[in-house]
Amino acid sequence: MTYVLIIGGGKIGYYLARTLQKSGYLIGIVEADAGRSARIAEDLGITVINGDGTDIDILHDANAEGAKYFVAATGRDEVNLALCQMAKRHFKVPVTVARVINPKNEGIFKTLGIDATISTTAMAAQMIENVLPANGMRLFTLFSGGDVELAEVELHKGGPVTGLAVSELRLPEECLLISIMREGKISFPRGKTVLREGDRVFALARRGSVDALKHVLIGGRS
C-alpha cells in the first residue's frame, strides 16, 4: 500500500488525507496542535504524530523514509518549502507536494525542486474561467488585486444550509458560489444543487461581505 505523509492537519491536510484514504492510500499526518491531532486520529482512524514537522526526529517517528509522497500543507510557504527540501534530501522521498499560500511563490517552489504545488488561488482562477468565461479575466484581476476574496467553507451536519438547494440560499450581495468539492470531485453548483454535510463550498465575495457569507453558510461556527 502506497504511503503518503502529510505535514499539517488543517483544512487542506485533513481533506486531502480523507480523500486519499478513501482511494486506498496509507496515510500518516504530523500536526502540531494536540487537540486537532486527536480529532483527526479519531475521525479518520489513522496514525497522527503530534509534534513539529520540521523536527527530523518527528519525521522519523512518522516514517518519512517510507513515504512515496510527502505533502507539506502548513499555513506558511517558507515552512512548506523547507519541509519538502528536507524530505527530498534527508529522507529521499520520491515525490514532494507543497501547499502554496502566495501564488507568486509557485515558480520558486518548482525551481527549487518541488514536484507539485497545491494553490487554492490557482484553483479559484480555474473555477472562474470555467464558470464565467466572459467575465473570468475581469474577476480574476479583482481577485488578484485583493478586492475579491475566495471563501472556502466546509458544511457541517446540522448547519443552516445543509440539505438546502442553492436556489434557497439567501446569500449576501456581491457573493457568488463558484464550486463545490465533494468526495474529491469538483462540481459547479446550479439552482437545484443540494448542499450536503462535508461539502467544501468555494465562493467569491467582496472583502466586506466575506464574514456575512460565512455566517449564512455555517452560522456561528468558524
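Two strands count as paired here if DSSP finds at least two bridges between them. In this predicted model, strand 2 (residues 26-31) clears that bar with strand 3: the two run parallel and are joined by 4 bridges. Within that pairing, glutamate 31 sits opposite asparagine 50 of strand 3.

Zooming out, strands 2 and 3 belong to an open sheet of 6 strands, laid out in the order 3-2-1-4-5-6 with parallel pairing. Strand 3 (47-50) and strand 6 (116-118) are the edge strands; each has a single partner, so one side of each goes without a neighbour in the sheet. From one strand to the next, the twist averages 20°.

Back at the strand 3 end of that order, there is a helix to consider as well. Helix 2, spanning residues 34-44, lies across both strand 2 and strand 3. Its direction makes an angle of about 175° with strand 3. Strand 3 thus features in two arrangements: the parallel pairing with strand 2 and the packing under helix 2, which lies across it.

As for the chain overall, there are 8 helices and 10 strands. Of its 222 residues, 45% are buried. The accessible surface adds up to about 11,600 Å², with carbon and sulfur atoms accounting for 51% of it. Contacts reach well along the sequence too: taking those between residues at least 6 apart, 59% link residues at least 24 apart.

Definitions and conventions
Residues numbered from 1 in each chain as written. Predicted model: local features only at pLDDT ≥ 70, side-chain atom pairs only at ≥ 80, totals over all residues. Heavy atoms only, no water. Axes fitted to C-alpha atoms, helices over the stretch in contact; angles between N-to-C directions. Contact = heavy atoms within 4.5 Å. Buried < 20%, exposed > 50% of the residue type's maximum accessible area, 1.4 Å probe, protein only. Areas by Shrake-Rupley, 256 points an atom, 1.4 Å probe, with all protein chains shown as cover.
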